[in-house]
Amino acid sequence: MQFSKIQGNQDVKNALCEMAASGRIPHAIMFYENDGCGALAMILAFLQKILCHQPSGTDSCGECPSCNKVEKLIHPDIHFTFPITTGSKVSGAVKDLTCDMYIKWYRELLIKNPYFLENELGSALGIESKSGTIAVAEAKAIINQLSLTSVQGGYRAVVVYLPEKMNQEAANRLLKSIEEPPEKTLFLMVTHAPEKVLQTISSRCQGIRILPLSKDDVVATLVNEFEIDQESAINAAAVSGGSVGKALKYLEDSEDITVEEDIFRQLMDALVSKNLYDALTVGEAMADLDSREKQKAFCKFAGDCLRKIFMLQQNLPDLAGVTAEEKAYYTDLAQKCKKSFPRNAAALFDKAMMLIDRNVSQKMVFCDLVTHLLYII
């Protein structure tokens, strides 16, 4: 991956290039992105730049052996860490699992699509029905990796995807390594919820915000990197919210999206008509989704839908991200809902995700959710 292939966030690219050129690189950087906006792609371009044998200007050469190894995600000085648990592809005691056991499938996903969504990782690893975590076994594996010298004599890096999934014991193990790492050792992290990252970790990182892309940048990425035709790319960009990952998922027209759309529309129909029985029935349908990850994915989807309603209520249709087919439906909802509803409802869905993460009974969570939604609409 080269910076020249990444659309948008030019200020971030410039800053990273200056770091690489000067050699003054923070030992721990936390990239905050909305799901699927390209933080991993940015990290790979940054690593390729600093590990390149013959960098050219502000970018890597893209041709030397080191660049090829970064492209293929097999560079010996890069360690990838991500949330895992036992699943259909790897079994055994959770306390003994490390990311190396899953690296084959992680590489396949990241090479295919560096803009993948959080819930797509679970599917790729065979743990879609469970919540993954970064536990102490992985922390030990990282420390062991850092005890060895760099294979190529330059920088080495630990790329942590979703540090908010790291438990307290793992964080305690890694704290000293993150605070005072060996020379030329980098921790590069990607978070979707910086407020959930343990304070002991986040306080030791330089924060960098990866902004959602413009529609034009999403279109350019879809056309140039994924060979999507122009018309389809424009339609997907309109509903992506600046996320290439969401645009790609929209284009796949997956069964999950259809189910989420159906449930959200049934929910809003029940709320608008003030029908408690129908609302509770929809709550049961939410609780019956296959896994906690799918339930959280629905909550995120509902949040995106509420954003569309809010933007239309503010007379900002260009920012709403609705397709021509959706426009009439969301315009009607915007007129029927209180102006305070989208923001208050989004907070309730965020709370529901938090409770699901804490293993609260899903039926109780969604029953409480729809009851409160009915009250505030």
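Visitor: Leaving aside neighbours within four places in sequence, which residues is Phe 80 in contact with?
Guide: Contact here means heavy atoms within 4.5 Å. Once the neighbours within four places in sequence are set aside, the contacts of Phe 80 are Leu 44, Leu 73, Cys 99, Ile 103, Tyr 106, Leu 110, Glu 138 and Val 159.

Visitor: What kind of model is this?
Guide: Residues are numbered from 1 along each chain as its sequence is written, and side-chain values use heavy atoms, with hydrogens and water left out. Local features need pLDDT of at least 70, side-chain atom pairs count only at pLDDT 80 or more, totals for chains, interfaces and linings use all residues, and the model is predicted.

Visitor: How many residues are in the largest nonpolar core?
Guide: A nonpolar core is a set of buried Ala, Val, Leu, Ile, Met, Phe, Trp, Tyr and Cys residues joined through side-chain atoms within 4.5 Å. Buried means under 20% relative accessible area, exposed over 50%, and partly exposed in between (1.4 Å probe, protein chains only). In the largest core, Phe 46, Phe 80, Phe 82 and Tyr 106 have the most contacts, and the number of residues is 62.

Visitor: Which helix gives the most to this core?
Guide: Helices (H or I, at least four residues) and strands (E, at least two) are DSSP runs, numbered from the N terminus. With 11 residues, the one that gives the most spans residues 39–51: helix α2.

Visitor: How many residues does the other core have?
Guide: This core lies apart from the largest one. Ile 309, Met 311, Ala 334 and Phe 341 are among its residues, and their number is 42.

Visitor: How many of the residues of strand β4 are buried?
Guide: Thr 185, Phe 187, Met 189 and Thr 191 point one way from β4, while Leu 186, Leu 188 and Val 190 point the other way. Residues on both sides are buried. The strand is largely enclosed by the rest of the structure, because its buried residues number 7 of the 7.

Visitor: In β4, what is the bridge partner of Met 30?
Guide: Two strands pair if DSSP finds at least two bridges between them. Strand β1 (residues 28–33) runs parallel to β4 and is joined to it by 5 bridges. In β4, the partner of Met 30 is Met 189.

Visitor: Is the β-α-β crossover from β3 to β4 right-handed or left-handed?
Guide: Strand β3 (residues 156–161) is parallel to β4, with 6 bridges joining them, and Val 159 has Leu 188 as its bridge partner in β4. A crossover is right-handed if, with the strands pointing away from the viewer, the path from the first strand over the helix to the second runs clockwise. Here the chain goes from β3 through helix α7 (residues 168–179) to β4, and the crossover is right-handed.

Visitor: How many salt bridges are there?
Guide: The rule asks for a side-chain nitrogen of Lys or Arg within 4 Å of a carboxyl oxygen of Asp or Glu. Glu 118, Lys 165 and Lys 300 are linked in a network of such bridges. By this rule the count is 11.

Visitor: How far apart in sequence are the parts that Lys 363 and Glu 284 tie together?
Guide: The closest N and O atoms of this salt bridge are 4.0 Å apart. Glu 284 is partly exposed, because its relative accessibility is 38%. Lys 363 belongs to helix α18 and Glu 284 to helix α13 (residues 276–287), so the parts they tie together are apart by 79 residues.

Visitor: Lys 296 and Asp 357 meet in a salt bridge; what is the distance from N to O?
Guide: Lys 296 sits in helix α14 (residues 292–313) and Asp 357 in helix α17 (residues 341–357), 61 residues apart. Lys 296 is buried at 7%, whereas Asp 357 is partly exposed at 36%. From N to O, their side chains are separated by 2.7 Å.

Visitor: Are Lys 308 and Glu 326 buried or exposed?
Guide: Their side chains form a salt bridge of 3.4 Å, N to O. Lys 308 is in helix α14 and Glu 326 in helix α16 (residues 324–336), so the pair ties together parts 18 residues apart in sequence. Both residues are buried.

Visitor: What is the phi of Glu 227?
Guide: Glu 227 is in the loop between α9 (215–226) and α10 (230–238). Glu 227 counts as exposed because its relative accessibility is 72%. Although Glu 227 is not a glycine, its phi is positive, at about 55°.
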